[in-house]
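Q: Could you take me on a close look at the protein surface around the RNA strand, and then at the pockets of the protein? I would like to know which residues and elements are involved.

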Amino acid sequence: MTIRTRFAPSPTGFLHIGGARTALYCYLEARRRGGEFILRIEDTDQERSTQVSIDAILDAMEWLGLDYDEGPFYQSQRIHRYRHAAEELVQSGHAYRCWCSKERLDSMREAQMAAGEKPRYDGRCREHPEAIAGVTPVIRFRNPQAGVVVFNDKVRGRIEIANAEMDDLILWRSDDFPTYNFAVVIDDIDMRITDVIRGEDHINNTPRQINIYHALGATPPSFAHLPMIHGADGAKLSKRHGAVNVMQYRDDGYLPHALLNYIARLGWSHGDQEIFSREELRTLFKVDDVNRAPSRFDFDKLAWLNQHYLKTDPPESVAAHLLWQLRELDFDLARGPAPVDVVVALRDRVKTLKEMAERARIWYLDLEGFEPAAAARHLVAAAVPGLQSARGQLAAIAPAQWSSTTVDVALHAAAESLGLALGKVAQPLRVAMTGTQVSPSIEHTVFLVGQTRALERIDQALAHISAVPA
RNA sequence: GCUCCCAUCGUCUAGCGGUCCAGGACGUCGCCCUCUCACGGCGAAAACAGGGGUUCAAUUCCCCUUGGGAGUACCA
């Protein structure tokens, strides 16, 4: 039998981190076992589902590279199928119509809570069905009243819940739509899902669903319930913890595979290994190895992983992602260095692509003057010989030979000719090139400014020095 | 309230009865390298929630307490 997993988000918002991890685990489990991964949009809530959300989820899946073999399927297009199935259950006696009003249900629930009981449907229409004119009935599942439902959760082990704890849930609403617990079961049966992997918030639904499987004469799939992901403070992940929306991570400058690696490792491990390529994940990930405890999202570790990939990925591939950020900042790419050279100069110094793009400003835009503190310290009379010597050496490089290597040679020659340590020349030059005291190594900084502009900026620095009263 | 789930360094985790005065990683703190900032290298501090059992032996098994979380909808 072919293994089939599915990711089934409801389109009531963007794809968040927890959902992304669920999708990833479903995808990986299917891949490892040579199975199929299906995407299904659970849009039976007419009130809250939106097309914007559907698009957002699809975009995020694509950005993460979680490709699905089938779908997306939409529950809203399968309504007739659910209606048919509900009717069958009524015929077979596994379900019944219920005319109880919401008002009666609400007040009953309130009374039960007040009495310290578990709120539940009292079964009036189960025992004494009585049609009420003008009221559209719902269809309720006739849940077994005795015995226990036991299932073996792939991550939690044996879970047991007594049928006495469950009441008769609604399968079919009066607005002529199915409820979640009913639609999932029908879909998972129809789509031949063998492994249901979902968030732990569904544990309590599972025994009810298993009962529905049995009523339908179907065999339940295997289940795996994943722990939740919390914010750094242990509370539910929310905006104030940083990004919840997966696409926010692209905007913030993270590589998709860095996020994937981080998220895979959050709640799952393979010995002491921290770095996993997508291919490794596809062969190593086992949902059975997922941890049971909830975990907290650690932005520092994500940042570390992101930088790891910035440093070790081929510069060309990083450059492709950097390009997106550069365009966001509206830089004129024709007026600056090739993005791949920017990657090489900055990848050891930044955690994100966004930071990289912002720091590349000095190579794409004109300087906005020298920082007062930097100028006061380095653009002084004593720096003039070094700057002039550097200017001479840099000017002597044939334009076609201009590279970080030839710049490096030129600057060492400039320092040596004056008997100075490289630092004595490099720091004033750095201020001349960037207006600040911090930048990548001096040869890259100068190289990326470009020969013509580099000479201009040295001249500006020299002019600045002579303009300041000694 | 009731039901279910969870519990190793600040964080992510290894551990599946003796190999653990508990290992790795991020972060933190030192030192080294160095043209700034970083990268890198080396090193340090840092945890089995508490209490009962079971056992010759518990971080590992069971129970309770405490503390988290989820569910309890004509939401998913």
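A: Here is a walk along the RNA-facing surface, followed by the two pockets. Please keep in mind that this is a predicted model.

Let's start with RNA strand B. The protein places 61 residues around RNA strand B, and the closest of them are R156, R173, D348, R349 and S439. By class, the surface near RNA strand B has 27 charged residues, 19 polar ones and 15 nonpolar ones. What about the strand's own side of this meeting? Among the atoms of RNA strand B within 4 Å of the protein, sugar or phosphate accounts for 68%, and bases make up the rest.

Individual side chains give examples of contacts to phosphate, sugar and base parts. N291 has a polar side-chain atom 3.3 Å from a phosphate oxygen of RNA strand B. For N204, a polar side-chain atom sits 3.4 Å from a sugar or linking oxygen of the strand. E443 reaches a base instead: one of its polar side-chain atoms is 3.0 Å from a base nitrogen of RNA strand B. Looking at whole elements, α4, β12 (295-296), α11 (299-312), α19 (422-434) and α20 (442-449) each give two or more residues to the surface near RNA strand B.

Helix α4 is a handy bridge to the second largest pocket, where α4 (102-114), β5 (138-141) and α6 each supply at least two lining residues. The largest share of that lining, five residues, comes from α4. This pocket holds about 740 Å³ of space. Its lining has 28 residues, and K102, L105, R109, R140 and I170 lie nearest the centre. Sorted by class, twelve of the lining residues are nonpolar, eleven charged and five polar.

Helix α6 then leads on to the largest pocket, with a volume of about 1200 Å³. There are 42 residues in the lining of the largest pocket, and S10, H16, G19, D201 and H202 are the closest to its centre. At least two lining residues come from each of β1 (4-7), α1 (17-32), α6 (180-190), β9 (195-199) and β11 (229-230). Of the elements, α1 gives the most to this lining, with five residues. The classes here are 16 nonpolar, 16 polar and ten charged residues.

If you are following along in the viewer, α4 is a good place to return to: α4 is one of the elements that give two or more residues to the surface near RNA strand B, and α4 also provides the largest share of the second largest pocket's lining.

Definitions and conventions
Residues numbered from 1 in each chain as written. Chains lettered and ligands numbered in written order. Predicted model: local features only at pLDDT ≥ 70, side-chain atom pairs only at ≥ 80, totals over all residues. Heavy atoms only, no water. 1 Å grid on protein atoms, 1.4 Å probe; cavity = no way out; pocket = protein on both sides within 12 Å on 5 of 7 lines; lining within 4 Å. Points joined across faces, edges and corners; volume = space filled by probe spheres on them. Helix = DSSP H or I, 4+ residues; strand = E, 2+ residues; numbered from the N terminus. Nonpolar A, V, L, I, M, F, W, Y, C, P; charged D, E, K, R; others polar. Near = heavy atom within 4 Å. Polar contact = N/O pair within 3.5 Å; in protein donor to acceptor, adjacent residues only side chain to side chain.
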